[in-house]
Each structure stands twice: as C-alpha cells, then as structure tokens.
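Here is a short briefing to read beside the model. Keep the sequence and the 3D view open together.

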Amino acid sequence: MAAMQVFALGLMLIRGDLSTKVLVDFAISIPALLAGTALGLFVFRCVDDALFRRIILGILLVSGQLLVL
C-alpha cells in the first residue's frame, strides 16, 4: 500500500498536480506516520497473532464509529 501511495505521489509531482499546501501537510504528517508505524511493529512483535488481530479490529471499530458520528 505504501509503495502504491509513493508511486501516486510521484506521478502527481511529475504532472504538477500537487499544490504547496499538500506538500506542507505531507511533511507535517511524516512524524505521526513514522510513530504509528513504529508502534504497530512493536505491538506486532510483542503480542500473539490473535490478540494483535483483536486490537486492530477494535481500533477499526472505534474509528468507524467516530466517522459515523
């Protein structure tokens, strides 16, 4: 998924479809992206598969409910 998004970002850069606001927002979001990735890798290594799956499904459930509200 990350490779696809990087590819799409590259295409948008080549075509000139990106505004400077998008690039600034992307730069601001990089620390949160790296922190979330590191946390996910840490949790994945520390818990068994079934518990990791339940944690992820719980996070998805809560985020989905928040989107509905």
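What radius of gyration does the protein have, against the value for a compact globule of 69 residues? The protein has 16 Å, whereas a compact globule of 69 residues would have a radius of gyration near 11 Å. The model is predicted. It holds three helices and zero strands. Just 3% of the 69 residues count as buried.

**Fold and overall dimensions**

- Read along the sequence, the pattern is α-α-α.
- Helix H1 covers 2–15, and helix H2 covers 20–46.
- The C-alpha trace spans about 45 × 30 × 20 Å along the principal axes of the protein.
- The accessible surface of the protein comes to about 6100 Å².
- Carbon and sulfur atoms hold 76% of that accessible surface.

**The largest pocket**

- About 270 Å³ of space lies in the largest pocket.
- The lining consists of Met1, Ala2, Gln5, Val6, Leu9, Phe26, Ser29 and Leu33.
- Helices H1 and H2 each supply at least two residues of this lining.
- H1 gives the largest share, with four residues.
- By class, six lining residues are nonpolar, two are polar and none is charged.
- Gln5 and Ser29 belong to the lining, and both count as polar because neither is in the nonpolar or the charged set.

**Salt bridges**

- How many salt bridges does a search of the whole structure find? The search finds two.
- Side chains of opposite charge can pair when their charged atoms come close.
- One salt bridge joins arginine 15 and aspartate 17, with the closest N and O atoms 3.6 Å apart.
- That pair counts as a salt bridge because the cut-off is 4 Å between a side-chain nitrogen of Lys or Arg and a carboxyl oxygen of Asp or Glu.
- Arginine 15 is exposed, at 65% relative accessible area.
- Aspartate 17 is partly exposed, at 44% relative accessibility.
- A salt bridge also links the side chains of lysine 21 and aspartate 25, at 2.9 Å from N to O.
- Both lysine 21 and aspartate 25 sit in helix H2. They are four residues apart, about one turn of the helix.
- Lysine 21 is exposed, with 56% relative accessibility.
- Aspartate 25 is partly exposed, with a relative accessible area of 37%.

**Two residues of helix H2**

- Valine 43 is found in helix H2.
- Is valine 43 buried or partly exposed? Its relative accessibility is 23%, so valine 43 counts as partly exposed. The cut-off for buried is under 20%.
- From valine 43 to isoleucine 55 the C-alpha distance is 9.5 Å. These two residues are 12 apart in sequence.
- Phenylalanine 44 also lies in helix H2.
- The relative accessible area of phenylalanine 44 is 44%, so this residue is partly exposed.
- Phenylalanine 44 and alanine 27 are 17 residues apart in sequence. In space, their C-alpha atoms are 26 Å apart.

**To take away**

- The radius of gyration is 16 Å, where a compact globule of 69 residues would be near 11 Å.
- The largest pocket has no charged residues in its lining.
- Both H1 and H2 contribute to that lining.
- The salt bridges are arginine 15 with aspartate 17, and lysine 21 with aspartate 25.

Key: Residues numbered from 1 in each chain as written. Predicted model: local features only at pLDDT ≥ 70, side-chain atom pairs only at ≥ 80, totals over all residues. Heavy atoms only, no water. 1 Å grid on protein atoms, 1.4 Å probe; cavity = no way out; pocket = protein on both sides within 12 Å on 5 of 7 lines; lining within 4 Å. Points joined across faces, edges and corners; volume = space filled by probe spheres on them. Buried < 20%, exposed > 50% of the residue type's maximum accessible area, 1.4 Å probe, protein only. Rg over C-alpha atoms; globule rule 2.2 N^0.38 Å. Areas by Shrake-Rupley, 256 points an atom, 1.4 Å probe, with all protein chains shown as cover.
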